[in-house]
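Please open the model in your viewer and keep the selection panel at hand. The tour goes from one selection to the next and says what is there at each stop.

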Amino acid sequence: MHQGSDSWWTTAVGYQVYIRSFADSDGDGVGDLRGITEHLGYLELIGIQVVWITPFYRSPMADAGYDVSDPREVDPAFGTLQDFDELIAEAHGRGLKVIVDVVPNHTSEQHRWFRDALPTAPGSPERARYLFRDGAGDGGDAPPNNWASVFGGPAWHRVPGPDGAPGQWYLHIFAPEQPDLDWTNAEVADDLHATLRFWLDRGADGFRIDVAHGMAKPPGLPDAPEDSAAAFDQVQAAADSAAADSAAADHAAAGSDAEPGHGVVPSTVDEDPRFDDDGVHEIHRGIRKVVDEYPDAVTVGEVWVSEPERFAAYLRPDELHQAFDFSLIESEFTAAALQQAIEKTLTSAASVGASPVWTLSNHDVARPVTRFGGGERGLLRARALLLLELALPGSVYLYNGEELGLPDVEVPDDRLQDPTWERSGHTERGRDAIRLPMPWEGQEPPFGFSSGPSTWLPSPQEYAPLTVERQLDDPHSTLNLVRAAIELRAEHPAFSGSTVSWYGAPEGCFAFRRDPGGLAGVLNAGDGPVPLPPGEILLTSTPLVDGLLPVDSSALFLASAPTD
Ligand code: GLC
């Protein structure tokens, strides 16, 4: 029995709006709340049930809004509180839920708390909301421990003392402009709870919780067993090598001289003291108590924890309702690896009675088309997986532009904005290539995204054939495939079974069956076309050729009889 098994969120199709790049209503080149309101009809047309909006709070934008200086105020770049209220009213009028992003691990350095802390002496109550520590070594000249920032360089920054001489250091797991909060301080939890109530009272239907595996830190902040910078590099290297594979194809497709972008994958290294400390679960229990005051509200955590039991611990009945399981994002495109990722997600969610959340894409990782090789092959593979994830039990989140099959397009050096670029000494390009403005209509950039002359990140000419307008007219477009799959999922009774079993499939393929109902899904990641098992075909990601499922394609069908 699933936790809240009849709750709306257990089966919902969600859509991540990366607000800066979705739709700009006022011509300043940055997407905003009114832009979202104006495009809710589009989300309804796709069949979306819940919209996750990335941070739109007051922010100096050192990390595109994930550095929040006032979590209960709208940044003027994105609109006003009234715009938010109108968005909620309009969304609810259309039957759409809205969840907002909260960032409990850190604030902006411009947050009132941090500004108050800087002029005070070590040990002050103001400093006790953050993780200020004396440095190591002679004169405290070295960082207090060996932790690395996810964006490159050390996770510590030194500030002057009240006398102006070099003083204490503060911890920032992300950019120096994002000081980590000290969650052992009760004021920190109280303030987050006030933020949760603030948005729930205004009608939000729940939260995506940023870095939900962060927040708690091991007492004494011990060194990482091996240098955590090195540990992070391994994760980054793995992400880079996946992206490198796709580089050549994407390069050819985009006709550009630049390397394609790839995401910063927040650490999934086990034994990394920066993340997944056991103390985090008490914090989630506190969040859950507040959210439970609001019937039907949901929390979805960003949990980059790869070990299944540790991941599942976040989904216990008194913690998060749901968490993004990134196994599919981390998987290479082989039937064996993808099957394993699906099984892992199903098993860990089931172990605590939770419902799985499938996702192939977000604003932090290379888009699937690019990850899977770019060009035509990358698109085929991305479509194949999109179709299959929409057929699995649980909920699904699409990232804006994923329904259009957008690839990453490299951003010129002088337009890069991701803090990773500076922090890595210009060796890691960061996530900008993943975050480009949505192409809505027309032949020329910015394709209806903005009425203004320039956009915060470039709107690439490569997106001309991929606009919403063009794809709505093309029955074979990725957009229409996604629409058809979501419609089937909403209407066909076979999409309600919660048991997944696997059955024999040719080399390089997998086949699953969902019961009760007999919905079956097949992936062909092999070397040649394959026949489909007997049954009624519902939808394929690529047209069949002579009755065979082509390579890099998937099919959904109703299996004609139980197979084992
Ligand atoms: C999360 C966000 C990412 C952000 C980071 C720091 O991983 O998804 O975009 O940079 O947290 O807030």
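Begin by selecting His281 and Arg316, whose side chains make a polar contact of 3.4 Å; a polar contact is a pair of N or O atoms within 3.5 Å, where within protein one must be able to donate a hydrogen and the other to accept it, and residues adjacent in sequence count only if both atoms are side-chain atoms. This is a predicted model, in which local features need pLDDT of at least 70 and side-chain atom pairs count only at pLDDT 80 or more, while totals for chains, interfaces and linings use all residues. Residues are numbered from 1 along each chain as its sequence is written, and side-chain values use heavy atoms, with hydrogens and water left out.

Stay with His281 and add Glu319, because the side chains of His281 and Glu319 are also joined by a polar contact, here of 2.7 Å. His281 is placed in helix α8, residues 280-291 (helices, H or I, of at least four residues and strands, E, of at least two are DSSP runs, numbered from the N terminus). Is His281 buried or exposed? His281 is buried, with a relative accessible area of 6%, where buried means under 20% relative accessible area, exposed over 50% and partly exposed in between, with a 1.4 Å probe and protein chains only.

Next, select Ser355, which sits in the loop between α11 (335-351) and β12 (357-359). Ser355 is buried too, with a relative accessible area of 2%, and its side chain is joined to that of Gln322 by a polar contact of 3.1 Å.

Now turn to the salt bridges, each of which is a side-chain nitrogen of Lys or Arg within 4 Å of a carboxyl oxygen of Asp or Glu. By this rule the count comes to 29 salt bridges. Select Asp180 and Lys217, which form one of them, with their closest N and O atoms 2.9 Å apart. Asp180 lies in the loop between β8 (166-171) and α6 (186-201) and Lys217 in the loop between β9 (206-209) and α7 (228-254), so this pair ties together parts that are 37 residues apart in sequence. Both Asp180 and Lys217 are buried.

Move on to Arg274 and Asp272, whose side chains meet in a salt bridge of 2.7 Å, N to O. Arg274 counts as buried at 0% relative accessibility, and Asp272 is buried at 5%.

Then select Asp364 and Arg435, where a salt bridge of 3.2 Å, N to O, joins the side chains. To see what surrounds this pair, add Asp63, Asp418 and Arg431, which are linked with Asp364 and Arg435 in a network of salt bridges.

For the last stop, colour domain 1 (8-105 + 186-216 + 263-481) and domain 3 (497-558), with bounds that come from an automatic or database domain assignment. How many residues of domain 1 are in contact with domain 3? There are 19, and they are in contact with 23 residues of domain 3, contact meaning heavy atoms within 4.5 Å. Across this interface the rule finds one salt bridge, so select Asp552 and Arg381, whose side chains meet in a salt bridge of 3.0 Å, N to O. On the side of domain 1 that touches domain 3, α13 (375-389) gives the most, with seven residues.
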